[in-house]
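Please open the model in your viewer and keep the sequence panel beside it. The stops below are meant to be selected one after another.

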Amino acid sequence: MRKFTVVLSLLLAVAVLIPVLSLAAQPSHTPHENPATAGGSSSSLLLLIFHGDIYEVALGGRYQDAQDLLDKIKHANISDELKYIVDRFDALSHELFSDLDNLENLLDEISVLLEQYQMEEAQQQLEYARTVLENVDRMLDDGEMAVDAIGRRLYIGSYAPTSQLRQAYDRLKGILEQMRLLYRDFDARLGRLFLEYEDRVAVELIPTYLTIEATPESVFVGDSIVISGQLSSEDGPLADRSVTVLFEEKPEVVSTDEGGSYSTTIDIPYRYVTSVVFVARYTPAGDDIGVYGACESPRLTVDVSYYRTYLELSAPEVAYPGLPITVTGEISTTGDSIERNISLLLDNINLATVQARDRLEEELVIPDETVTGNHTLTASISAQQRYAGVSESLTIQISQFPLQVDVQAPSLILLPGEVNITGRVWHDSGPLGDAAVRVSFGESSSTQVITDADGNFEAVLEAPLRLSLVGPKRLMVGVEPVEPYYSSAAVEKWIVVINPVGISLTLLAFVSAGFVVYRRVTKWSTRIRAETPAGRPDLPWPTPLAPSPEPESGSGLTGIRSEILTAYLEGRRAIEKATGIHIEPYITLREFLKVVVTNVTAAVGQRFTELTRMAEVTLYSAREPDEGMAADARQQAADIKKEFNRDTA
Amino acid sequence: MTLRRFLVSLAIVLVIILAVVIWVIPSDEDFRVENTFWNGASRLSVSQAVTPLETLADLSEMTEGATLMLIPYMQLTPSELEDVTRFVSGGGTLVLADDYGYGNQVLSSLGIEARFSGQALLDPLFNYKNEQLPRVFHFSPGAVTDGVNSLVLNHATCLTDVGAGEILAMSSSFSFIDINNNRQWDEDEPAGAMPVISGHSLAGGRVILVSDPSIFINSMDSLDDNYSAIENIAGISSSQLYLDQSHLPHSDLHYTKNLLADVRSVLTTPVGTLALVAVLLILILRPIWPRKGGGIGDQE
């Protein structure tokens, strides 16, 4: 026992120490925390510093960079109390930087327009710039107020001027004041441009005129076209002036000759559109500034021709991986028939490139790895000089031939043993050879076999002893064909497995256990009988919990005690006989009294209560009962019997 | 029944109850695919069809086109390092995700100069909730970062000695390395944008370093574009995606579950089954076994 206690104590000690050892082996840092329950913290200092940096970038005129930096703010962790104001401030800043960038460009553009005496455009842009500048002014006001609000939320006044937070805040305020100076610069510049506009608009310019024409009037793609015209004023043609011909937003500058005429040759690109637009523009330069007005020619539209290509594509509706299909197509054009390059694609993957003139006929092999389902087959004829390209698509269904599998397996097997499985694999047109058949039985037993030329296969699986006694077990047969155009197949069967060894051993265990239990019960009953005194015919069971008083049974009670208990038993028997209620082994004298007292007359009840009290005193009290009590008990018992006899009579 | 017999019976009953409880109780270990809690990788295994590996020795069977995710929280043996090197040189892609583990041991073995810093990367401004969950939004174009605009890391570290052309993702300019773990920037602590993901070509294969394996846990994949990054990493594999579980942090629960699994596998063999039945029979029949100098035994 002592050894056992020592071993148990040692085991307990090891069990207590093992977690400590494993804790010591953990990484030095926590690998992660649950983001859902992670505590929040944000840095107001860095937020102010970052905004100061952004405004400093803007102050340097790098408005786009400043906007890019503002976009990063969305990744910042901002406390809830600042979030709304900061979000609004950032949206405002975004708009402000955009407007300042716009204003910068506008003022530059207005300067150029005024220089070129394009007064109408200049006036429009000046008005627009004034609106933008007013917007900037409003946004600067709002921005300053937003920064003040952020300061109040951070209780910035309570920080010492030397604290990092206060310095970051003061820096941002300072940069905003500089932004205000920048606004005033823009305002002054715009004012100067307005004055310049007023000065220039007072000057009377000589109007100019520009014509434009094309030779030939219509062209094929890839051909050249001559664009010509004349620049003139009220005084006659303007020689040696620069005229800009605009074609697809690409300017080409040409000079006018002595007659004010200009001419340039332009190549029409291989863009298969039906028309293109040309326009010529004159902007006064040099000595012409302040003398002649700018002008623009009417828009000239030139028709463009090309040969259209048509393709009628056809292919089988269903195709199979690894098997070829024939794709056909009829090619026609509005020009002469020529050799064309055609790409054939399946879901944008090029399968083949072929050449054809009027008819396409090509055998395509669908890739092995193509998954079943709908796919897009496309034939694309590339553009070729005057011939436009064309692309046609069809939806084809990639499918696989289904396989049939027949499996023969026993419906019942005994463990341990072997499971013989035979079967056949075939498709609509015949047996399938060389297919891999994977057979698995339960969780651990599996094998793979190959079908013969007739599609037959045979597999033998070991079924070793297991813990289970009896029950169904799943047999899975999966077939993987070599050819990609056949689908995989699987068959499931259930086999009842009986484990005779297990059943025998279990039965033996149960029988043994039953035998042990039977012996125990028998032995226990025998012992109880041996310990229980004889002569208690009136009580069906021994009463270990509530010993019923049996003075005749040799319980050791003699003399007066025995007489009292005998009287109690007589009285009780009379009650039991009369009421049909019998005392049980587990019922105490007082519990029995409570049960019967409601089933007898008040007089009998009173007497039996007194009798029960005397029996309890006799059985459990240390006080020795006297002869008087014995006589009283006999009297009570006699009275009870008499009461019942009278009732019977 | 004697006290000794009572204690032995009690111990056996307790062991059986504990074994059942341990067998049934779900795993809560970090990064494991069986763990459905916040720190497990069950969602990764479902969404990306990850195959867990219980030993790196299985790598010899699959290489070309395969991707191995390795989270080395335990040291690798020389033979395991050889397995990893063979895997990469055979055309496999190794995603080495580490923060405070043994990633540098693998990098040394592979001959890659880059290293995991092993110190906490904090970002007090750009973060999710707190500085230990930094947000990353500077990316270089690449297969891993395609469609990813923002990543949230969780108690990450950073990479060092990474070539400029190898960097795939960097932390923000406000991040810093918290050397003394006081969660505040100090004068001598490195600050600024630091590499957190990098890609390295190596002898036919590829190695991707991720300075925080926690992006793969269940509670992180829904944050920002973490899921897209995980999808991209899984998409590298043209054949199979593996997650090594043999070098993850092990708990006592894991050891005990493995032990129970071993016991179960032994018991389900014919010999084990017979031995179990024999032991049970001996225990049951012992009370009625004839004893020396007496009849059928009675322990009372």
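Is A:Asn348 buried or exposed? Select A:Asn348 to begin: the residue is exposed, with a relative accessible area of 69%, where buried means under 20% relative accessible area, exposed over 50% and partly exposed in between, computed with a 1.4 Å probe on protein chains only. A:Asn348 sits in the loop between strand 15 (340-346) and strand 16 (349-356) of chain A, and its phi is near 70 degrees, a positive value in a residue other than glycine.

Before moving on, note that this is a predicted model, in which local features need pLDDT of at least 70 and side-chain atom pairs count only at pLDDT 80 or more, while totals for chains, interfaces and linings use all residues. Residues are numbered from 1 along each chain as its sequence is written, chains are lettered from A and ligands numbered from 1 in the order in which they are written, and side-chain values use heavy atoms, with hydrogens and water left out.

**Chain A as a whole**

Now select chain A, whose secondary structure comes to 11 helices and 28 strands; helices (H or I, at least four residues) and strands (E, at least two) are DSSP runs, numbered from the N terminus. Of its 649 residues, 39% count as buried. Chain A exposes about 35400 Å², with carbon and sulfur atoms supplying 53% of that area, as given by the Shrake-Rupley method with a 1.4 Å probe, in which only the protein chains shown count as cover for residues. Among contacts (heavy atoms within 4.5 Å) between residues at least 6 apart in sequence, 63% join residues at least 24 apart.

Go next to A:Pro216, in the loop between strand 2 (213-215) and strand 3 (218-220) of chain A, and inspect the peptide bond that leads to A:Pro216 from A:Thr215, which is cis, with omega near -10 degrees.

Then select A:Leu412 in strand 21 (residues 412-414) of chain A, a residue that is partly exposed at a relative accessible area of 48%. Leaving aside neighbours within four places in sequence, A:Leu412 is in contact with A:Ile495, A:Val496 and A:Ile498. If you add A:Gly259 to the selection, the C-alpha to C-alpha distance from A:Leu412 is 111 Å, for two residues 153 apart in sequence. A second pair for the distance tool is A:Ala578, in helix 8 (residues 559-579) of chain A, and A:Leu432: these are 146 residues apart in sequence and 92 Å apart in space, C-alpha to C-alpha.

**Salt bridges**

Over all chains the structure holds 38 salt bridges, each being a side-chain nitrogen of Lys or Arg within 4 Å of a carboxyl oxygen of Asp or Glu. Select A:Arg171 and A:Asp53, whose closest N and O atoms are 2.6 Å apart; this pair links distant parts of the chain, with A:Arg171 in helix 6 (residues 164-201), A:Asp53 in helix 2 (residues 44-59) and their positions 118 residues apart. A:Arg171 is partly exposed at 27%, and A:Asp53 is partly exposed at 29%.

For a pair within one helix, turn to A:Lys83 and A:Asp87, which both lie in helix 4 (residues 80-115) of chain A, 4 residues apart, about one turn of the helix; their closest N and O atoms are 3.7 Å apart. A:Asp137, A:Asp141, A:Glu144 and A:Arg180 can be selected together, as they are linked in a network of salt bridges.

In chain B, the side chains of B:Glu131 and B:Arg183 meet at 2.9 Å, N to O. B:Glu131 counts as buried at 10% relative accessibility, whereas B:Arg183 is partly exposed at 40%. B:Arg183 also has a positive phi of about 65 degrees although it is not a glycine, and lies in the loop between strand 10 (176-178) and strand 11 (195-202) of chain B.

**Where the chains meet**

Finally, display both chains: 57 residues of chain B are in contact with 46 residues of chain A. Between them the two chains bury about 4300 Å², 64% of it on carbon and sulfur atoms, buried area being the accessible area (1.4 Å probe) that two parts lose on being put together, summed over both. On the chain B side, select B:Leu125, B:Lys129 and B:Phe174, which lose the most area to chain A, together 14% of what that side buries. The rule finds 0 salt bridges across this interface.
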